[in-house]
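Biologist: Can you pull up the model we talked about? I'd like to go through it with you.

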Amino acid sequence: TLPGTGYRRGRKACALANTHRQWCDENAKPQIVLCKASGGRPLDSLIVDLSPLRLPDDALTERKAQVLLAAHGSEMELR
């Protein structure tokens with residue numbers, strides 16, 4: 001879990017988050033980060049970064065659809 005939003009701007013001061021992103025990139029694994037609600041945000045955020053997979057556009061679109069379908073099936077609120 002990361003404090004803040006977990007986006008690049010928030011990660012730059014967090015060595016562990018940057019190390020995890022590099023590991024995902026080197027091992028062609030998606031980076032999945034849970035950001036706990038804080039700073040007035042009422043909900044936790046889950047960030048799924050598929051870019052380390054280096055997929056062609058059509059395969060990336062299919063993976064995104066799979067992630068969204070799984071989130072919807074788990075009754076997650078998508079924004």
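Biologist: Which helix does Val67 lie in?

Modeller: Val67 lies in helix H3. Helices (H or I, at least four residues) and strands (E, at least two) are DSSP runs here, numbered from the N terminus. Before we go on: this is a predicted model, where local features need pLDDT of at least 70, side-chain atom pairs count only at pLDDT 80 or more, and totals for chains, interfaces and linings use all residues. Residues are numbered from 1 along each chain as its sequence is written, and side-chain values use heavy atoms, with hydrogens and water left out.

Biologist: OK, and what's the mean pLDDT of the protein chain?

Modeller: The mean is 84, and 84% of the residues reach 70 or more. pLDDT is the predictor's confidence in each residue, from 0 to 100.

Biologist: Which element has the lowest mean?

Modeller: Helix H1 (residues 8–11), with 58, while H3 has the highest at 92. Where pLDDT is low, the predicted coordinates should not be read in detail.

Biologist: Back to Val67: is it buried, partly exposed or exposed?

Modeller: Val67 counts as partly exposed because its relative accessibility is 34%. Buried means under 20% relative accessible area, exposed over 50%, and partly exposed in between (1.4 Å probe, protein chains only).

Biologist: Which residues make the nonpolar surface patch?

Modeller: Ile32, Leu34, Leu46, Val48, Val67, Leu68, Met76 and Leu78 make a patch of about 640 Å². E1, E2 and helix H3 (57–73) are the elements that give two or more residues to it. Patches are made of residues with over 30% relative accessible area and no salt bridge; like charges are joined within 9 Å, and nonpolar side chains (Val, Leu, Ile, Met, Phe, Trp, Tyr) within 5 Å. The areas come from the Shrake-Rupley method with a 1.4 Å probe, and for residues only the protein chains shown count as cover.

Biologist: And which way do the E1 side chains point?

Modeller: They alternate along E1 (residues 31–35): Gln31, Val33 and Cys35 point to one face and are buried, while Ile32 and Leu34 point to the other and are not.

Biologist: How many bridges join E1 to E2?

Modeller: Five, and E1 runs antiparallel to E2 (residues 45–49). Two strands pair if DSSP finds at least two bridges between them. Cys35 stands opposite Ser45 in E2.

Biologist: How many disulfides are there?

Modeller: Zero, taking a disulfide as a pair of cysteine sulfur atoms within 2.5 Å. Cys24 is buried at 1% relative accessible area, and Cys35 is buried at 0%.

Biologist: Switching topic, how many salt bridges do you count?

Modeller: Four, with a salt bridge being a side-chain nitrogen of Lys or Arg within 4 Å of a carboxyl oxygen of Asp or Glu. Arg21, Asp25, Asp49 and Arg54 are linked in a network of them.

Biologist: What separates Asp25 and Arg21 along helix H2?

Modeller: About one helical turn, because they are four residues apart in H2 (residues 15–26). The closest N and O atoms in their salt bridge are 3.8 Å apart. Arg21 counts as buried at 16%, whereas Asp25 is partly exposed at 31%.

Biologist: How far apart are N and O for Asp25 and Arg54?

Modeller: That salt bridge is 2.7 Å, N to O. The pair links distant parts of the chain, 29 residues apart: Asp25 sits in helix H2 and Arg54 in the loop between E2 and H3. Arg54 counts as exposed, at 59% relative accessibility.

Biologist: Which residue does Lys36 form a salt bridge with?

Modeller: Asp44, with the closest N and O atoms 3.4 Å apart. Lys36 is partly exposed at 40%, and Asp44 is partly exposed at 42%.
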